[in-house]
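Colleague: I would like to learn how to read a model of this kind, one feature at a time. Could you take me through it?

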Amino acid sequence: MQQTPSFVSVRSGLARYAGFAIVATLALVLVGCGSDDDSPAADDASASVDTAAADGFANADTIRERVIGNTVTGTMSPDSAYTEFYAPDGTIRGPSYEARWTIKDDQMCFDYDEALQIDCYSVKIDGQSLEWHRQEEVQGKGTLVEGNPNNF
């Protein structure tokens with residue numbers, strides 16, 4: 001004996017299909033599928049994609065654009081405070097020292113004379129906030145300050 005679907009089961013199947021169609025349409029609208037939007041909001045969205053990789057880290061160009069020529073003030077683990085100006089000529093200038101910076105493979109590298117090795121960090125930038133990451137852990141945090149306000 002063949003059973004016919006009840007009104008309730010047909011209706012719930014249609015409701016699921018309609019719900020799926022609404023969610024899929026909303027997702028397409030939110031990602032701007034097929035949009036030729038030239039508004040500033042569209043430019044901001046594409047800029048944030050350009051400045052960070054899928055993992056949220058800044059690429060070499062973004063590090064150069066946002067960090068170089070500016071000052072970062074913050075702390076490194078374990079709780080050592082720093083304020084440094086990253087000059088375009090590759091020098092790091094602090095309150096009473098100089099060191100060198102380079103960018104290699106989308107990481108910012110630091111060469112301090114007293115250090116035995118050059119340390120490289122992946123960089124996350126969110127507005128004026130910055131995080132230094134090494135081996136998938138946050139090693140330090142800082143705030144970007146435009147220019148060299150301390151005249152280092």
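Colleague: How many helices and strands are there in the protein chain?

Modeller: This is a predicted model, in which local features need pLDDT of at least 70 and side-chain atom pairs count only at pLDDT 80 or more, while totals for chains, interfaces and linings use all residues. Residues are numbered from 1 along each chain as its sequence is written, and side-chain values use heavy atoms, with hydrogens and water left out. The protein chain has three helices and eight strands (DSSP runs, H or I of at least four residues for helices and E of at least two for strands, numbered from the N terminus), and from the N terminus on the order is α-α-α-β-β-β-β-β-β-β-β.

Colleague: Which residues have the most contacts inside the largest nonpolar core?

Modeller: In soluble globular proteins, nonpolar side chains tend to be buried together. Here the largest nonpolar core (buried Ala, Val, Leu, Ile, Met, Phe, Trp, Tyr and Cys residues joined through side-chain atoms within 4.5 Å, where buried means under 20% relative accessible area with a 1.4 Å probe, protein chains only) has 21 residues, and those with the most contacts inside it are Val67, Val72, Tyr86, Met108, Leu130 and Trp132. Among the elements that give two or more residues to this core are α3 (60-66), β1 (71-76) and β7 (129-134).

Colleague: What is Leu130 in contact with, leaving aside its neighbours within four places in sequence?

Modeller: Contact means heavy atoms within 4.5 Å, and on that basis the partners of Leu130, leaving aside those neighbours, include Val67, Val72, Val123, Ile125 and Leu144.

Colleague: What share of the protein chain counts as buried?

Modeller: Of its 152 residues, 26% count as buried.

How values were computed. Buried means under 20% relative accessible area, exposed over 50%, partly exposed in between (1.4 Å probe, protein chains only).
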